[in-house]
Amino acid sequence: MTSQSPQPARPRIGLVGAGGIAVAHLPGLLRLGDVLVHSAAGAPALAGAFADAAAAAGSTITVADTLDDLLARVDVVDVVVPTPAHAGVVRAALAAGKHVVSEKPLARTDADATDLVARAAAAGLQLYPAHVVRWFPAYVRLKEAVTTGLLGDLAVLRFSRAGAFPTRVPWFADREQSGGIVMDQMIHDIDVARWVAGEVVRVSAVSVRTGDADQPVEAAHVLLTHASGAISHVVGLWGPAHLAFSTEYSVTGTRGTLAHSSLAEDDTRSDLARPTAVDGFLPPVDPAEDPYAMELADFLTAFAGGPPPRVTAEDGAMAVRLANAALASLESGQPVDVSR
């Protein structure tokens, strides 16, 4: 009689927070393990809404009354609270000896982000910022095009991201609490620009807010100068309530251009030289695959001893630093040197 090896226990995942981004994380989490939710408000409703999904995934979803209760009962922690609370919850999870996923931004301030990275390293724990755009197929294609040399030496990168002004959740638009459009929305493209074009040495930014309390509109432009000499132009827009969410990029190098628009039927287009020695820049990617689920699966694989994911705690801290440099430029009207 052949004995069978015992199946590994499903991880117990603590989800701290029950807002909109928790809804994006939960389907992937429930496929990975059993979920325990805690939030200042909304945890019972969230657990109830996902009870059927949990059952279908062979998982459980339950509620913890306190953060301490959650930390005592889980293996890893996923932090999806509002930005001003990120640092405090991540610190508590690291102090409890847990590996941590934190929604972006890793923290609101440079000092907090640097502190979290140092605490995780000192404790021998893994900490990953949820910069999910690195898992979206169009941006994976861009990274692959750069890595394989199909675009040549990069010259100009343009990124834009637009959506309705977040009036239903006031703290999003409060620059002191969230970092406003730059830290909350544009940090995705700031991170991707550094991911594909390398380190940044100078940041400058301008912004405008118009309209009124009922119909506000805000836009910002951030210019990143990379150590290579490439320039990234990042645009963010929070517009009227009917504005559909959209993303775009156009990246040009010495061998051609790659562009993407989420609003186009053919969302990625290229004008590239035909390489003779480089291929495979378009890996097979199923666009229906959930980037949030892929991201979280990579994080939990790393927690279990697997390969590191495509984003690090240091990347998260640098994204915070660059976003805060852009905010400083907005205030001063001058470029900010981030080369040191």
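This report walks through a predicted model, starting with its parallel sheet and ending with its largest pocket.

**The parallel sheet**

Six strands make up an open sheet with parallel pairing, and they come in the order β3-β2-β1-β4-β5-β6. At the edges sit β3 (61–63) and β6 (127–130), each with a pairing partner on one side only. On average, neighbouring strands here are turned by 20 degrees against each other, ignoring direction.

For a look at one pairing, take β1 (residues 12–16) and β2 (residues 34–38): five bridges join them in the parallel sense. Within that pairing, Ile13 has Val35 of β2 as its bridge partner.

Helix α10 (residues 291–303) lies across β1, β4 (76–79), β5 (99–103) and β6, and it runs at about 175 degrees to β6.

**Aromatic links to α10**

How many aromatic pairs does the structure hold? There are eight. Two of them are worth setting side by side, and both are edge-to-face.

| Aromatic pair | Centre to centre | Angle between planes |
|---|---|---|
| Trp135 and Phe299 | 5.6 Å | 75 degrees |
| Phe136 and Tyr292 | 6.4 Å | 85 degrees |

What do these pairs tie together? Trp135 sits in the loop between β6 and α7 while Phe299 belongs to helix α10, so this pair links parts that are 164 residues apart in sequence. Phe136 also lies in the loop between β6 and α7, and its partner Tyr292 is in helix α10, so here the parts tied together are 156 residues apart in sequence.

As for burial, Trp135 and Phe299 are both buried. Phe136 is partly exposed, at a relative accessible area of 31%. The Trp135 and Phe299 rings also belong to one aromatic cluster, together with Tyr128 and Phe303.

**Helix α7**

Just along the chain from that loop comes helix α7 (residues 137–147), which is mostly covered, with eight of its eleven residues buried. Which residues of α7 are buried? They are Pro137, Ala138, Tyr139, Val140, Arg141, Leu142, Ala145 and Val146. After the helix comes Gly149, which has a positive phi, near 85 degrees.

**An antiparallel stretch**

Elsewhere, β7 (154–164) and β11 (residues 246–253) run antiparallel and are joined by eight bridges. One of the residue matches here is Ala162 with Ser246, its bridge partner in β11.

β11 also pairs with β12 (residues 256–261), again in the antiparallel sense, over six bridges. These two strands form a hairpin, with two residues between them. In this pairing, Tyr249 is set opposite His260 of β12.

**The largest pocket**

Now for the open space: the largest pocket has a volume of about 1,500 Å³. It is lined by 45 residues, and those closest to its centre are Ile21, Lys104, Phe172, Asp184 and Tyr292. Tyr292 will be familiar as the ring that pairs with Phe136.

Which elements give two or more residues to this lining? They are α1 (20–32), α7, β7, α9 (180–197) and α10. Of these, α7 gives the most, with four residues.

So several of the parts met above come back here: α7, β7 and α10 each contribute to the pocket lining, and α10 is also the helix that lies across β1, β4, β5 and β6.

Definitions and conventions
Residues are numbered from 1 along each chain as its sequence is written. This is a predicted model: local features need pLDDT of at least 70, side-chain atom pairs count only at pLDDT 80 or more; totals for chains, interfaces and linings use all residues. Side-chain values use heavy atoms; hydrogens and water are left out. Two strands pair if DSSP finds at least two bridges between them. Axes are lines fitted to C-alpha atoms, for helices over the stretch in contact, and angles run from 0 to 180 degrees between N-to-C directions. Contact means heavy atoms within 4.5 Å. Buried means under 20% relative accessible area, exposed over 50%, partly exposed in between (1.4 Å probe, protein chains only). Rings of Phe, Tyr and Trp (its six-membered ring) pair if their centres lie within 6.5 Å; planes under 30 degrees apart count as stacked, over 60 as edge-to-face and the rest as tilted. On a 1 Å grid over the protein atoms alone, a cavity is a set of points where a 1.4 Å probe fits but cannot get out, and a pocket is an open set with protein on both sides within 12 Å along at least five of seven lines; lining residues have an atom within 4 Å of a point. Grid points are joined across faces, edges and corners, and a volume is the space filled by probe spheres set on the points.
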